[in-house]
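Grab a pencil and work through these exercises with the model on your screen. Try each task before you read its solution.

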Amino acid sequence: MRAKLSYGVTAVVLVFYFLLVGSRGVLLIQAGTLLTVTFGVAVLILPVIGLWFLWKNTQFARKAGRLAAELDAEGGLPVDELKRTPGGRIDRDSADEVFAKRKAETEAAPDDWRSWFRLAVAYHDARDTPRARKAMQRAIALHDGKPVPT
């Protein structure tokens, strides 16, 4: 719940910032000179890109959450079997062991979105965010019956 609240607050702050920046871009365009119109258009491009990025991330998070809820209802969420340091951080060797199991599970069932979901969690625990995201995207595509990203 804390992560959702954090994400929501960040999203609201970003949207406010994008609106503020966008209004400045509109003011520059309204000034009407070649220079201010050029800068105004350039300033407007940034919030558009930012809003698109925020939208795509929100969609991704909602889809991943939907898969997590479905897997939880099936009783298939990965069990936290990771060792932790006294400070609470995940032990790297422990994460590597779990990752090896999840990778083997995924290789045995490459068309099962559940194994890809659990592999994404293992990548995340091993602090490999780019691969965790790709594995989750693959899980989402397999679940939805869409073409699988490469």
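**Exercise 1.** Find the residue that follows helix 2 and say what sign its phi has.

*Solution.* Helix 2 is followed by Gly75, and the phi of Gly75 is positive, near 80°. Now look just after helix 1: Gly32 takes a positive phi of about 85°. Helices here are DSSP runs (H or I, at least four residues), numbered from the N terminus. A word on the source: this is a predicted model, where local features need pLDDT of at least 70, side-chain atom pairs count only at pLDDT 80 or more, and totals for chains, interfaces and linings use all residues. Residues are numbered from 1 along each chain as its sequence is written, and side-chain values use heavy atoms, leaving out hydrogens and water.

**Exercise 2.** Check whether the span of helix 2 agrees with its number of residues.

*Solution.* Start with the rule: the expected span is 1.5 Å times one less than the number of residues. Helix 2 has 41 residues, so it should span 60 Å. Then compare: its end C-alpha atoms are 61 Å apart, which agrees.

**Exercise 3.** Work out what the buried residues of helix 2 pack against.

*Solution.* First, list some of them: the buried residues of helix 2 include Gly40, Pro47, Leu54 and Phe60. Buried means under 20% relative accessible area, exposed over 50%, and partly exposed in between (1.4 Å probe, protein chains only). Next, look for contacts, meaning heavy atoms within 4.5 Å. The buried residues of helix 2 pack against helix 1, helix 4 (113–125) and helix 5 (129–144). Flip the view: the buried residues of helix 1, among them Ala11 and Phe18, pack against helix 2 (34–74).

**Exercise 4.** Is Arg118, the salt-bridge partner of Glu105, buried or exposed?

*Solution.* Begin with the pair: the closest N and O atoms of Glu105 and Arg118 are 2.7 Å apart. That counts as a salt bridge (a side-chain nitrogen of Lys or Arg within 4 Å of a carboxyl oxygen of Asp or Glu). The pair links distant parts of the chain, with Glu105 in helix 3 and Arg118 in helix 4, 13 residues apart. Now the accessibility: Arg118 has a relative accessible area of 14%, so it is buried. Glu105, at 25%, is partly exposed.

**Exercise 5.** Which residues are linked with Asp112 in a network of salt bridges?

*Solution.* Start from Asp112, whose side chain meets that of Arg114 in a salt bridge (3.3 Å, N to O). Then add Glu74: Glu74, Asp112 and Arg114 are linked in a network. To finish, the structure holds 7 salt bridges.

Terms used: Helices (H or I, at least four residues) and strands (E, at least two) are DSSP runs, numbered from the N terminus.
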